[in-house]
Amino acid sequence: MDRANNRKNKLLVIISTLLIMYVITGLALLALALLLFKMQLSENVVTVGIMVIYIVSCLIGGLIAGKRIQVRKFLWGVVVGAVYFVILLIGSLLMNRGISSDTVHVATTLVMCMAAGMIGGMIS
């Protein structure tokens with residue numbers, strides 16, 4: 001019974017952490033859109049901004065997950081980063097009816113999200 005309760009608690013931690021990560025991402029993307037509107041940013045600057053937002057969100061998610069779970073923090077950071085990426089990928093697939101960019105870009109984004117989550121978990 002205790003083991004099942006522990007799994008349920010970890011799942012709730014992951015879900016609540018992902019919710020926080022997506023709120024951070026949404027607010028940061030809104031700020032980036034405002035900057036794009038006001039300053040006429042180039043496409044390269046916007047792309048870099050989006051990547052930075054993903055990294056910061058995953059770093060914070062790894063920190064939160066590591067603090068709350070307390071065991072194998074780096075692993076839970078990787079899990080949070082990977083799940084964050086998978087949800088982003090599913091959303092992109094649904095919105096664009098396919099992958100809009102090349103697989104190298106997708107794989108790079110996955111590695112960045114997982115690495116940022118792992119670093120966040122390690123420093124938590």
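In what order do the elements of the protein run from the N terminus on? Colour the chain by secondary structure and read along: the run is α-α-α-α. You're looking at a predicted model, with 4 helices and 0 strands in the protein.

**Stop 1: the whole chain**

Zoom out first. The C-alpha trace spans about 55 × 30 × 20 Å along its principal axes. Of the 124 residues, 29% count as buried. Now switch on a contact map if you have one handy: among contacts between residues at least 6 apart in sequence, 79% join residues at least 24 apart.

**Stop 2: α1 against α2**

Select residues 2-39 for helix α1 and residues 43-69 for helix α2. Their axes lie 9 Å apart, and the two helices pack at an angle of about 155°. What does that make them? An angle over 145 degrees counts as roughly antiparallel, and α1 and α2 are therefore roughly antiparallel to each other. The crossing of this pair is right-handed. Colour the contact by residue class and you'll get 17 nonpolar, 6 polar and 2 charged residues.

**Stop 3: bring in α3**

Keep α1 and add α3, residues 73-96. Here the axes of α1 and α3 come within 10 Å and cross at roughly 55°, which makes α1 oblique to α3. This crossing, too, is right-handed. To see who does the touching, show sticks for these:

- from α1: Lys-10, Ile-14, Thr-17, Leu-18, Met-21, Tyr-22 and Thr-25
- from α3: Trp-76, Val-80, Val-83, Tyr-84, Ile-87 and Leu-88

By class, the contact of α1 with α3 divides into 10 nonpolar, 2 polar and 1 charged.

**Stop 4: α2 against α3**

Hide α1 and bring α2 back. The axes of α2 and α3 come within 8 Å and cross at roughly 135°. That makes α2 oblique to α3, and the crossing is right-handed. The sticks to show are:

- from α2: Tyr-54, Ser-57, Cys-58, Gly-61, Gly-62, Ala-65, Gly-66 and Ile-69
- from α3: Lys-73, Trp-76, Gly-77, Val-80, Gly-81, Tyr-84 and Leu-88

The contact of α2 with α3 divides into 8 nonpolar, 6 polar and 1 charged. Glycines appear on each side: Gly-61, Gly-62 and Gly-66 belong to α2, Gly-77 and Gly-81 to α3.

**Stop 5: the loop between α2 and α3**

Slide along to the loop between α2 and α3 and pick Gln-70. Check its backbone: phi is near 70°, a positive value in a residue other than glycine. Gln-70 is partly exposed, with a relative accessible area of 49%. Then click Arg-72, in the loop between α2 and α3 as well. Phi of Arg-72 is near 50°, again positive in a residue other than glycine. Is Arg-72 buried or exposed? Its relative accessible area is 58%, so Arg-72 is exposed.

**Stop 6: the nonpolar core**

Show every helix again and go inside. The largest nonpolar core has 16 residues. In general, nonpolar side chains tend to be buried together in soluble globular proteins. Select Ile-14, Leu-18, Met-21, Cys-58, Val-80, Tyr-84 and Cys-113, the residues with the most contacts inside this core. The elements giving two or more residues to the core are α1, α2, α3 and α4. Which of them gives the most? That's α2, with 5 residues.

Stay on Cys-113 for a moment. Leaving out residues up to four places away in sequence, Cys-113 touches Tyr-54, Cys-58, Gly-81, Tyr-84 and Phe-85.

**Stop 7: along α4**

Last selection: helix α4, residues 103-123. Pick Gly-117, which sits in this helix. At 0% relative accessibility, Gly-117 counts as buried. What does Gly-117 touch, not counting residues up to four places away in sequence? Display Cys-58, Leu-59, Gly-62, Gly-77 and Val-78. Draw a C-alpha to C-alpha distance from Gly-117 to Leu-59 as well: the two are 58 residues apart in sequence and 4.8 Å apart in space.

Then move to Ile-123, also in α4. Ile-123 counts as exposed because its relative accessibility is 56%, and exposed means over 50%. Draw one more C-alpha to C-alpha distance, to Gly-66: Ile-123 and Gly-66 are 57 residues apart in sequence and 8.3 Å apart in space.

Methods: Residues are numbered from 1 along each chain as its sequence is written. This is a predicted model: local features need pLDDT of at least 70, side-chain atom pairs count only at pLDDT 80 or more; totals for chains, interfaces and linings use all residues. Side-chain values use heavy atoms; hydrogens and water are left out. Buried means under 20% relative accessible area, exposed over 50%, partly exposed in between (1.4 Å probe, protein chains only). Axes are lines fitted to C-alpha atoms, for helices over the stretch in contact, and angles run from 0 to 180 degrees between N-to-C directions. Angles under 35 degrees count as roughly parallel, over 145 as roughly antiparallel, 65 to 115 as roughly perpendicular and the rest as oblique. A crossing is left-handed if the near helix is turned anticlockwise from the far one by less than a right angle, and right-handed if clockwise. Ala, Val, Leu, Ile, Met, Phe, Trp, Tyr, Cys and Pro count as nonpolar, Asp, Glu, Lys and Arg as charged, and the others, Gly among them, as polar. A nonpolar core is a set of buried Ala, Val, Leu, Ile, Met, Phe, Trp, Tyr and Cys residues joined through side-chain atoms within 4.5 Å. Contact means heavy atoms within 4.5 Å.
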